[in-house]
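Here are my notes for a first look at this one. Take a moment with the picture, then go through the points in order.

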Amino acid sequence: MSQNAHTQANAALHEAHSGEAAGNEFLAFTLGKEEYGIDILKVQEIRGYEPVTRIANSPDFIKGVVNLRGIIVPIVDMRIKFDLGEPVYDQFTVVIILNIAGRVMGMVVDSVSDVTTLSSEQIKAAPEMGTTFDTDYLIGLGTLGERMLILVDIDKLMSSAEMGLLEEAVA
């Protein structure tokens, strides 16, 4: 993602946080060939990927931690979490900084595209099928013409026991 695209995405974030967000605004990002969306209000900022400090004995999908303005932030690589092949870290790789239940964490994705507003008619229930993605963490599928976004309940996913991120904050 170019610096200009980062700036545009962060500007859209600021606008969403300060405006009268309808709750149906999603930050669209890619993992592999699929496009996903998360609630824009959970997103704190978008940053380029930078090396992390690895923590011993943590699961593979937890890349490590970074120091973000004095806050130690765990970084989850969603490509590893969802078993989407070997991750490549390049100029398009971004870290979406999230604020979930008062806890700051980051997730590595292939790229961020835009902020999309979906009406409730554009959000369809996720079909039950054997996917690498547990449907418990899906809000549904957002449809925009030919484009389809897999809408992720990022609160549920990041606070799940298998992630172990929020329990650590309490311990």
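1. Let's start small: is serine 58 buried or exposed? Keep in mind that this is a predicted model. Serine 58 has a relative accessible area of 17%, and buried means under 20%, so this serine counts as buried. You'll find serine 58 in the loop between strand 3 (43-48) and strand 4 (62-68). A polar atom of the serine 58 side chain lies 2.9 Å from the backbone oxygen of isoleucine 55.

2. Now for the general layout. The chain has four helices and 11 strands. Of its 171 residues, 44% count as buried. If you take the contacts between residues at least 6 apart in sequence, 55% of them join residues at least 24 apart.

3. One open sheet is built from six strands, in the order 8-1-2-11-10-9, and its pairing is mixed. At its edges sit strand 8 (111-117) and strand 9 (123-124), each of which pairs on one side only. Further in, strand 2 (residues 34-39) and strand 11 (residues 147-152) run parallel and are joined by two bridges. To find this spot, look for tyrosine 36, which stands opposite isoleucine 150 in strand 11.

4. There is also an open sheet of five strands, ordered 3-6-7-5-4, again with mixed pairing. Its edge strands are strand 3 and strand 4, and each has a partner on one side only. On average, neighbouring strands here are turned by 30° against each other, direction ignored. Strand 4 pairs with strand 5 (residues 71-77) in the antiparallel sense, over six bridges. As an example, valine 66 has valine 73 in strand 5 as its bridge partner.

5. Glycine 48 belongs to strand 3, one of the edge strands of the five-stranded sheet. What is the exposure of glycine 48? With a relative accessible area of 26%, glycine 48 is partly exposed. The C-alpha atoms of glycine 48 and valine 95 are separated by 6.0 Å, though these residues are 47 residues apart along the chain.

6. On to the inside. In soluble globular proteins, nonpolar side chains tend to be buried together. The largest nonpolar core here has 30 residues, and Ile38, Ile96, Leu98, Met107 and Met158 have the most contacts inside it. Among the elements that each supply at least two residues of this core are strand 1 (25-31), strand 2, strand 7 (103-109), strand 10 (138-144) and helix 3 (154-158). Strand 6 (94-100) is on that list too, and gives the largest share, four residues.

7. Isoleucine 38 is a good residue to click on. Which residues does isoleucine 38 contact, leaving aside its neighbours within four places in sequence? They are Glu25, Phe26, Leu27, Phe29, Val43, Ile96, Leu98, Met107, Val152 and Ile154. Apart from the core of 30 residues lies another core, of eight residues, including Val66, Val73, Ile97 and Val108. Val66 and Val73 are the bridge partners from point four.

8. Last, a word on confidence. The chain averages a pLDDT of 83, and 78% of the residues score at least 70. Over residues 167-171, pLDDT stays under 50, and the model has five contacts beyond four places in sequence for that stretch. Where pLDDT is low, the predicted coordinates should not be read in detail.

Terms used:
Residues are numbered from 1 along each chain as its sequence is written. This is a predicted model: local features need pLDDT of at least 70, side-chain atom pairs count only at pLDDT 80 or more; totals for chains, interfaces and linings use all residues. Side-chain values use heavy atoms; hydrogens and water are left out. Buried means under 20% relative accessible area, exposed over 50%, partly exposed in between (1.4 Å probe, protein chains only). A polar contact is a pair of N or O atoms within 3.5 Å; within protein, one must be able to donate a hydrogen and the other to accept it, and residues adjacent in sequence count only if both atoms are side-chain atoms. Two strands pair if DSSP finds at least two bridges between them. Axes are lines fitted to C-alpha atoms, for helices over the stretch in contact, and angles run from 0 to 180 degrees between N-to-C directions. A nonpolar core is a set of buried Ala, Val, Leu, Ile, Met, Phe, Trp, Tyr and Cys residues joined through side-chain atoms within 4.5 Å. Contact means heavy atoms within 4.5 Å. pLDDT is the predictor's confidence in each residue, from 0 to 100.
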